[in-house]
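Below is a briefing on a single chain, set out by topic. Please read it alongside the sequence and the coordinates.

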Amino acid sequence: MAGKSKTIKVDYLARVEGEGALYIRYDDHGVHEVQLKIFEPPRFFEAFLRGRDYTEAPDITARICGICPVAYQMSALHAMENALGLVPTEPLRNLRRLLYCGEWIESHMLHISMLHAPDFLGYPNAVAMAKDHPEVVQRALEIKKTGNALVRLLGGREVHPINVRVGGFYRVPGLESFQALRPQLLEAHTLAELMTRWAAGLPFPHCEQSYECVALSNPSEYPMNEGRIVSNRGLDISVKDYEKHFREQQVPHSTALHSLLIERGAYLVGPMARYNLSYPQLSGEVRSLAEALGFRAPCNNPFKSIVVRCLEVLYALEEALRLIDTFQPPDEPYLAVEPREASGCAATEAPRGLLYHRYAMNEQGKITFAKIVAPTSQNQKTIEDDLRLMLPKFMHLPEQQLQGLCERAIRNYDPCISCSTHFLQLHLQHEPKRIS
């Protein structure tokens, strides 16, 4: 029996947080090699932080990502407060959760409408898709504007917010400012339900995977800012024990470190992991809609993550309304604290998944050590595994379709990489026949 050996080679996989490439070598007998190559030089943010005042960490780390700066701010804040023994009051905690709702809404809608949806409808980008489906793009942009408005109100501006600080906020808006957002949030909620129903009707490739899902877990709420780190295979640890169970490793084909569970290897973080682990903590309305649409957890098809993101947007809008309706102004916008020699860590749930920070500071409050593990690095190995396991089921497809499926498999995961893959120059190279 003869079969062709082929190589899928993507030279440039530019992404929001860097640049990369994709290389897959396979034949009729299976997939022999998958490399998601990240070749952008290191960005040195952890080195930039050394010697800077601990109060600067939230604003410096926010510059790591233009899509989810709040996530970096929240993980930095909580890590610094963990080091200094500072516990935010309940009103401050609620305001941070409200700010995070804004980021989830705007980040998820950007990914759903501009990066992911064109894949399912056969368009090269959202602009082309908008010509035939203007209502989908318009609906998504209206929802995204609502997320932007929340971030602008609490963060001071929509991108790279400047109003958060260790201990709380520089300034807390008045009740009337929050209440003014209610009509926009209610309208966005209606649109988000329509968006979810629309997404659930998209055609999904059959691609059930077996993931170890890892996310924060909080018995009283869907996780955002705090909780224990758990998995569906028995992991249940405090955030302070993160580095006892996870390790990063350098691989020759990537300047980004691969993060692995020491006990079991690759794992999944992000919306599907949260959804699968914390489904009971979603609101009754969100769960009812999910079940009516046939999307009850667990969801293990990465192509269906677009529906999970829609459901998380719906939840974030409900949660934002709840937090505004129960708003209690804090006695002070922030809790004052004196620096001291200390170290601390924290993890929060960025839109793309678990985001871990650890810092040490000296007695003057100058940062002496910083470690940041982003969701993208935690999912890299799982993305490669997805491609390795998925391809044998689709080798019958024409090369162009197979190429598109590889790009879609990457876009399932991360808005940063997804953005880049729309600009891929991908080559399929046929090699001599292999005789078995």
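T348 lies in strand β11 (residues 342-350); helices (H or I, at least four residues) and strands (E, at least two) are DSSP runs, numbered from the N terminus. At 0% relative accessibility, T348 counts as buried, where buried means under 20% relative accessible area, exposed over 50% and partly exposed in between (1.4 Å probe, protein chains only). This is a predicted model in which local features need pLDDT of at least 70 and side-chain atom pairs count only at pLDDT 80 or more, while totals for chains, interfaces and linings use all residues. Residues are numbered from 1 along each chain as its sequence is written, and side-chain values use heavy atoms, with hydrogens and water left out.

**Surroundings of T348**
- Not counting residues up to four places away in sequence, T348 touches A71, M74, S75, H78, Y100, L216, M224, N225, G353, L354 and L355; contact means heavy atoms within 4.5 Å.
- One of these partners, L216, is 132 residues from T348 in sequence, yet the two C-alpha atoms are 7.3 Å apart in space.

**Chain as a whole**
- The chain contains 15 helices and 14 strands.
- A compact globule of 436 residues would have a radius of gyration near 22 Å, and the chain agrees with this at 22 Å; the radius is taken over C-alpha atoms, and the globule rule is 2.2 Å times the number of residues to the power 0.38.
- The C-alpha trace spans about 75 × 45 × 35 Å along its principal axes.
- Of the 436 residues, 59% count as buried.
- Among contacts with a separation of 6 or more, 69% are between residues 24 or more positions apart.
- The exposed area of the chain is about 17200 Å², of which carbon and sulfur atoms supply 51%; accessible areas come from the Shrake-Rupley method with a 1.4 Å probe, and for residues only the protein chains shown count as cover.
- There are 47 positive and 51 negative side chains, and the centres of the two sets lie 4 Å apart.
- In that count Lys and Arg are positive and Asp and Glu negative, with His and the chain ends not counted; each charge is placed at NZ of Lys, CZ of Arg, CG of Asp or CD of Glu.

**Nonpolar cores**
- In soluble globular proteins, nonpolar side chains tend to be buried together.
- The largest nonpolar core has 124 residues, and I24, I143, M195, Y275, Y359, L387 and M390 touch the most other members; such a core is a set of buried Ala, Val, Leu, Ile, Met, Phe, Trp, Tyr and Cys residues joined through side-chain atoms within 4.5 Å.
- Helix α12 (residues 305-325) gives the most to this core, with 14 residues.
- Another core, of 16 residues, lies apart from it and includes L235, F246, Y267 and Y356.
- L387, leaving aside residues up to four places away in sequence, is in contact with L22, I24, V34, C406 and A409.

**Strand β10 and S259**
- S259 lies in strand β10 (residues 254-261), and its 1% relative accessibility makes it buried.
- Beyond residues up to four places away in sequence, S259 touches Y242, F246, R247, E248, Y267, V373, S377 and Q378.
- Two of these partners, F246 and Y267, are also among the members of the 16-residue core.
- S259 and N379 are 120 residues apart along the chain, with their C-alpha atoms separated by 7.6 Å.

**Helix α10 and the loops that follow**
- Helix α10 (residues 271-278) is largely enclosed by the rest of the structure, because 8 of its 8 residues are buried.
- Those buried residues are P271, M272, A273, R274, Y275, N276, L277 and S278.
- Y279 is in the loop between α10 and α11 (284-292) and, at 6% relative accessibility, counts as buried.
- Outside the residues up to four places away in sequence, Y279 touches R274, R287, A290, E291, R296 and A297.
- A cis peptide bond, with omega near 5°, runs from A297 to P298, and P298 is placed in the loop between α11 and α12.
- Y279 and P298 are 19 residues apart in sequence and 8.2 Å apart in space, C-alpha to C-alpha.

**Helix α6 and the loop after it**
- N148 lies in helix α6 (residues 134-155) and counts as buried at 13% relative accessibility.
- Leaving aside neighbours within four places in sequence, N148 is in contact with E106 and E158.
- H160 is in the loop between α6 and β4 (164-165) and counts as buried at 18% relative accessibility.
- The phi of H160 is near 50°, a positive value in a residue other than glycine.
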